[in-house]
Amino acid sequence: MTTKSRLAKALSTIKTGDYPALMTHVVLGYPSLEKSIELVQVMAENGASIIELQIPFSDPMADGPSIMGACEHALSEGVTPSDCLEAMAKLSSKIETPLLFMSYYNLVLNQKGFAKAASDTGCEGLIVPDITPGESKDSFFTECDSENLPVIPLVSPITSETRLKQIANNSTSAPFVYCVSTTGTTGARDKLPEELPAYLNRVKENFSVPRALGFGISEKKHIEQLQGNAEIAIVGSAVINLIKESSNPNTEVANFIQKLSKK
Amino acid sequence: MAESKKYQPDQYGYYGEYGGRYAPEVLIPALEELEECFESAKKDPEFIKELKEAQKNYIGRPTPLCYLENLSDKLGGAKIYLKNEGLAHTGAHKINHCVGQILLAKRMGKKRIVAETGAGQHGLATSSVCARYGMDCHVYMGARDADRQRPNVFWMETLGAEVIPVHHGGKRLKDAVNAALKDWITNVRDSHYLLGSCLGPHPFPEINRYFQKVVGEEIKSQLVEQQRTLPDYVIACVGGGSNAIGAFNEFLEEESVQLIGVEAGGQGPEVGQHAARFQGGRVGVVEGYKSYWLQDEHGQVQDTVSISAGLDYAGIGPLHAFLHDQGRVKYTSATDKEVLEAVKTLAENEGILSALESAHGLVEAIRLAPTLSKDKTIVVNLSGRGEKDLFIFGRHLSSSSFREFIERYAEEFKESDN
Ligand SMILES: Cc1ncc(COP(=O)(O)O)c(C=O)c1O
């Protein structure tokens, strides 16, 4: 199987109403480049359906303290975007789980031909929160299109009906839609917002692709609450926090991912 | 004249290739709401009336345009005039866009204000308008800046604002903008981000230009009144770029007027020792806009160095990037050392205390004046007054008596608390 079809295959098995599939996240370079690569393998072996690899940036606008701290640490380890491309290539040849890159637009802009480079390493999609379709004159979206590299659209609870339609129209090749749970940055939270079902229903009316819900998911009960409202649950900061406090992160992350990924 | 098409943004908020709206989806509705509010306010006579009234009676406009006779004579060349924004309420030009934006916030029904500040002048002006218009005020300030501009922290708190020190990154203005953006992302439903310079995602650069352009309009009419000419040069310091845009805007289409922006040369030209974006910066997208950014080869934003917190910033407003590439504005820089010298020169010759930021413009005027004939006129925008820099001047300029005083006062302070 080429890497290009892994994501499609993973998504095709996900049905609305089922227990949500799990999408996990690492910051490449946290706690070190090698260890973050290992963590991706651990996640893949223990039930993650999709994994997001974040390329650390100095000024991560959409990230809360956990991921921001992890990025600062990764940069102090000297991790560069080229290291991240290499890590992606290595991982995509080792594991079957579809992999995405997450980063900020400045790094993409600075790396000439990033879309092609990312695509060549087996990356199956990009999440770049600080550029939105329809708001920019840049060739970023067309470059990704010509590489068949989807840019995952993001929506928020305050995205209007008109904009939901517009975003859906602007991203017809999107494999799924990333629904931000709340107004805010990334970070583990105790509770999911109450208006979530109504919001996710509005998203469903505008998008035919699976809905992935992220920002704030930290426990199994959150994922259970999403059943029927979202097809994918995204866990980021909670894992970073776990790694930070753990003397044996691989084992603890394995247990955590196993628990979250099974009904 | 001020509404020239050539230098206006396109429908996406780009000046040439710079600017734009690189913001997360969650901020797009707020940016659209702000843009609509701004466009309708500009056409509303009631809004304009309220703005004019506040400019006159609250800010104290027009601020004076003062001929620096002693300094001009001493340098023996062009005549130097000073546009004294230091005499505006709260001590700097920042109050111009703060008054404007607080009226927009009121119009949108927002009750909570979030802001960033570098030198503390924008934070001080924001705290003041929040107190006056009954808004809840939260100011982010790099921890390093909060220390070096401590008097402004004290006054902001006295005015009722919450000042939140930012410990991330270089603990400077860039990190404060980042933190303020995150607060806005979180509280966007009820908050207005009162951004403090001509930067950030569209429409912020345009909004602040609109409220700052009064400075250049006054320069023009005051100079015509005083000597019946246009200036030959207008000079301003450039952090994010609001005071410079304010001073330049009226003259953008007057090709005879040469415009010079002065960046922070810090400790010197070596990488990482200054904040001169046009000397080593590269096009990037950070904090919501595309412009020149000081960054490493991979695109990580670099730390900056400047004695002035207000210019110690790795990015520069997008209109400046455009004006730079167009060759309409020339950009130079002044080092920390030159700046301290210029503060002293202005104080001794003219009895005016300049903020460290504004003194960057003075350095350029002092360099330029002797090379020009006596019939030439230079206007320097003195964006702020120097009181906030007491502790920095105290360390660099004064005799040991200031240090002795601080030490003795600290002792007494400690004792009086027990
Ligand atoms: C007195 C003064 N001048 C200039 C600046 C720089 O900002 P800008 O370039 O937006 O005018 C500041 C910012 O804090 C300031 O306080």
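Visitor: Why is Cys198(B) not in a disulfide?

Guide: Because its sulfur is 12 Å from the closest cysteine sulfur, in Cys98(B), which is too far for a bond. A disulfide here is a pair of cysteine sulfur atoms within 2.5 Å. This is a predicted model, in which local features need pLDDT of at least 70 and side-chain atom pairs count only at pLDDT 80 or more, while totals for chains, interfaces and linings use all residues. Residues are numbered from 1 along each chain as its sequence is written, chains are lettered from A and ligands numbered from 1 in the order in which they are written, and side-chain values use heavy atoms, with hydrogens and water left out.

Visitor: How many disulfides over all chains, then?

Guide: Zero. In chain A, the sulfur of Cys144(A) has its closest cysteine sulfur in Cys123(A), 9.1 Å away, again too far for a bond.

Visitor: Is Cys144(A) buried or exposed?

Guide: Buried, at 0% relative accessibility. Cys198(B) also counts as buried, at 4%. Buried means under 20% relative accessible area, exposed over 50%, and partly exposed in between (1.4 Å probe, protein chains only).

Visitor: Switching to strand β5 of chain B. How many of its residues are buried?

Guide: Six of the six, residues 112-117, so the strand is largely enclosed by the rest of the structure. Arg112(B), Val114(B) and Glu116(B) point one way, and Ile113(B), Ala115(B) and Thr117(B) the other way. Strands (E, at least two residues) and helices (H or I, at least four) are DSSP runs, numbered from the N terminus.

Visitor: Which strands does β5(B) run parallel to?

Guide: One is β6(B), residues 136-142, over six bridges; Thr117(B) has Met141(B) as its bridge partner there. Another is β8(B), residues 191-193, joined by three bridges, with His192(B) opposite Ile113(B). Two strands pair if DSSP finds at least two bridges between them.

Visitor: What about the ligand? Which residues come nearest?

Guide: Ser197(B), Gly239(B), Ser242(B), Asn243(B) and Ser383(B), of the 19 residues around the ligand. Being near takes a heavy atom within 4 Å.

Visitor: And what lies 3.0 Å from a ligand oxygen?

Guide: A polar side-chain atom of His93(B). A side-chain N or O atom of Lys94(B) is 3.1 Å from an oxygen atom of the ligand, and for a backbone N or O atom of Gly240(B) the distance to a ligand oxygen is 3.2 Å.

Visitor: How much of the ligand does the protein bury?

Guide: Taken alone, the ligand exposes 390 Å², and the protein buries 98% of that. Accessible areas come from the Shrake-Rupley method with a 1.4 Å probe; for residues, only the protein chains shown count as cover.

Note on methods:
A polar contact is a pair of N or O atoms within 3.5 Å; within protein, one must be able to donate a hydrogen and the other to accept it, and residues adjacent in sequence count only if both atoms are side-chain atoms.
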